[in-house]
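Dear colleague,

Please find below the structure that I am handing over to you, with its sequence. My notes on it come after.

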Amino acid sequence: MPTDLTIRCRCGQVTGILEQVSPKDSNHVTCACKGCQDYTRALGREQEMLDEYGGTTVFQISPARFKITTGKEQMGCLQQTKNGAYRWYAKCCKTPLANTLPMGSMPFLAVHPLAIDTTDLDQPLEAYFGPLRVRTNHTLPRKQAKEVRATWGALLSMLFHFAPMFFRWKFRGEHRRSPLFHPKTLRPVVQPRRTVQDE
Ligand SMILES: [Zn+2]
Ligand SMILES: [Zn+2]
């Protein structure tokens, strides 16, 4: 059943809603690329963000479901390398909020579990976003890779799950309902910076 979840940075200044989240409309993946790993260090949150395989969990959803209600002025945007992902975070307490590609025409964003207030949830986040579909950018021994879904097969099966929703969101113009990009110009609402900003 689709459920509204609460967005809340660690200090509570940035709050919002993930509207009507459901496994059918979400994609649960982890990524262990250098950019994702560097990001955890930039925020000083390696312990909380990295799993045992050096991956970071994200839930990909339509940007139209991501609503910020308070603390918009605390939104920071980190772009660690030229053409790298935009990594949106709360400047007040360095909570990772969501990653996007560095272009507003993309109809999805990737929410970090730390951005979600789980205090009143009676089920693990998997129940709302679906099971882990693939671990990307890992270098693991073959047998282990298979066990933990770090394979090309898992990637392909994830793409079969994700592609229809990607095109559905794009077709509906949901990228123009993102709070992170201007609806007309599709430019980021906050100037991306190379380093994490303090507030
Ligand atoms: Zn905060
Ligand atoms: Zn990554």
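The following paragraphs describe the sheet, one of its residues and one helix. Please bear in mind that this is a predicted model.

The sheet is open and has 7 strands, arranged in the order β6-β7-β8-β9-β4-β3-β10 with mixed pairing. At its edges lie β6 (75-78) and β10 (134-136), each of which pairs on one side only. From one strand to the next, the twist averages 30°. Within this sheet, β7 (residues 86-90) and β8 (residues 95-100) run antiparallel and are joined by 5 bridges. Ala90 has Thr95 in β8 as its bridge partner.

Strand β7 also contains Tyr89. This residue is buried, because 28 other C-beta atoms lie within 10 Å, and a count of 20 or more qualifies as buried. Beyond its neighbours within four places in sequence, Tyr89 is in contact with Leu43, Gly76, Leu78, Lys94, Thr95, Pro96 and Leu97. By C-alpha atoms, Tyr89 and Leu121 are separated by 23 Å, and they are 32 residues apart along the chain.

Turning to the helix, α5 (residues 152-171) comprises 20 residues, so at 1.5 Å a residue a span of 28 Å should result; the end C-alpha atoms are indeed 28 Å apart, in agreement. The helix α5 nevertheless bends by about 30° at Phe162, and a proline, Pro164, follows within four residues. After α5 comes Gly173, with a positive phi near 70°.

Yours sincerely

Notes: Residues numbered from 1 in each chain as written. Chains lettered and ligands numbered in written order. Predicted model: local features only at pLDDT ≥ 70, side-chain atom pairs only at ≥ 80, totals over all residues. Pairing = 2+ DSSP bridges. Helix = DSSP H or I, 4+ residues; strand = E, 2+ residues; numbered from the N terminus. Axes fitted to C-alpha atoms, helices over the stretch in contact; angles between N-to-C directions. Expected span 1.5 Å × (residues − 1). Bend = angle between axes of the 7 residues up to and from the residue. Buried ≥ 20, exposed ≤ 12 C-beta atoms within 10 Å, placed from the backbone. Contact = placed C-beta atoms within 7 Å.
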